[in-house]
Amino acid sequence: MSTLTRIRTVGVATIMVAGLALSGCSLLGPVTNQDPAPTSSNDGASPATEEDISTQDMRVGDCLNDATVGDVVNTVPRVSCDGPHDSEVFFVGDLPDGDYPGDDESSAAADALCYQPFIDFVGLPYEESAYDYTWYSPTQQSWESGSRAVRCVAITDSGEQLPAGTLAGIEKG
């Protein structure tokens, strides 16, 4: 299971939203926000076409319509980046091996893992950006099954959908 955590520029506020059983992912998000990589991995798809993929299969460049996923899900809807979408995967990395660090420590480690890649992706730190980021990270159950992957996704600060296209370099000067 993984945890998706959403960051706000005025502070970090998280709530448990979903457990992703196949990948072992759970979703954390801000209390005040709703549920972002160069190019979409499904460029040939129509912007309205959704394809459910395992959270294990989320890759850099995937665009997702994951704002309304339920409490427990095995898949997330991937869509073409050619149309509006909820989030865009911009980085995938692993947490260090060892005993499960706990939810708070796992979340803090995932935040640290996503922070610099977010800057590199959009061009500004999230504190200065019009965008936010969040992540899917291992829960204790998936950790015990060997999952260490964190999937970082860019989202809007307002909870609205992202515009068509990628956010790669959108705020670079």
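What follows is a friendly conversation between a biologist and a modeller about a predicted model.

Biologist: Let's begin with charged pairs. How many salt bridges does the structure hold?

Modeller: The structure holds three. One joins the side chains of Glu51 and Arg78, another joins Arg78 and Asp62, and Arg148 pairs with Asp97.

Biologist: What makes Glu51 and Arg78 a salt bridge?

Modeller: The cut-off is 4 Å between a side-chain nitrogen of Lys or Arg and a carboxyl oxygen of Asp or Glu. Here N and O are 2.6 Å apart, so the pair qualifies. The two residues sit in distant parts of the chain, Glu51 in strand β4 and Arg78 in strand β7, 27 residues apart.

Biologist: And why does the pair of Arg78 and Asp62 count as a salt bridge?

Modeller: By the same kind of reasoning: N to O is 3.5 Å, and the limit is 4 Å, so this pair is a salt bridge. Arg78 lies in strand β7 and Asp62 in the loop between β4 and β5, so the pair ties together parts that are 16 residues apart in sequence. Glu51, Asp62 and Arg78 are thus linked in a network of salt bridges.

Biologist: Why is Arg78 called buried, while Glu51 is called partly exposed?

Modeller: Buried means under 20% relative accessible area, and exposed means over 50%. Arg78 has 13%, so the word buried applies. Glu51 has 38%, which falls in between, so Glu51 is partly exposed. Asp62 is buried, as is Arg78.

Biologist: Now Arg148 and Asp97. How do you know that they form a salt bridge?

Modeller: Their closest N and O atoms are 3.2 Å apart, and that is within the 4 Å cut-off, so the pair counts. Arg148 is in the loop between α2 and β10, and Asp97 in the loop between β8 and α1, 51 residues apart.

Biologist: Are these two partners buried or exposed?

Modeller: One of each. Arg148, at 15%, is under 20% and therefore buried, whereas Asp97, at 67%, is over 50% and therefore exposed.

Biologist: Let's turn to strand β8. What makes the link between Ser87 and Asp66 a polar contact?

Modeller: Their side chains are joined at 2.9 Å, and the limit for a pair of N or O atoms is 3.5 Å, so the distance fits. Ser87 belongs to strand β8, and its relative accessibility of 0% is under 20%, so Ser87 is buried.

Biologist: Phe91 is in β8 too. Why is Phe91 called partly exposed?

Modeller: Its relative accessible area is 25%, which lies between 20% and 50%, so neither buried nor exposed would fit. Not counting residues up to four places away in sequence, Phe91 touches Val60, Leu113, Pro117, Val150, Arg151 and Cys152.

Biologist: How do you know that β9 and β10 pair?

Modeller: Pairing needs at least two bridges, and six join β9 to β10, so they pair. The two run antiparallel, and Thr134 has Val153 in β10 as its bridge partner. As for cover, eight of the eight residues of β9 are buried.

Biologist: Last one: what makes the span of α1 close to the expected value?

Modeller: From its first C-alpha to its last, α1 reaches 27 Å with 20 residues, against the 28 Å expected at 1.5 Å a residue. The helix still bends by about 25° at Tyr115, and Pro117 follows within four residues. Just after α1, Gly123 takes a positive phi of about 110°.

Key:
Residues numbered from 1 in each chain as written. Predicted model: local features only at pLDDT ≥ 70, side-chain atom pairs only at ≥ 80, totals over all residues. Heavy atoms only, no water. Buried < 20%, exposed > 50% of the residue type's maximum accessible area, 1.4 Å probe, protein only. Polar contact = N/O pair within 3.5 Å; in protein donor to acceptor, adjacent residues only side chain to side chain. Contact = heavy atoms within 4.5 Å. Expected span 1.5 Å × (residues − 1). Bend = angle between axes of the 7 residues up to and from the residue.
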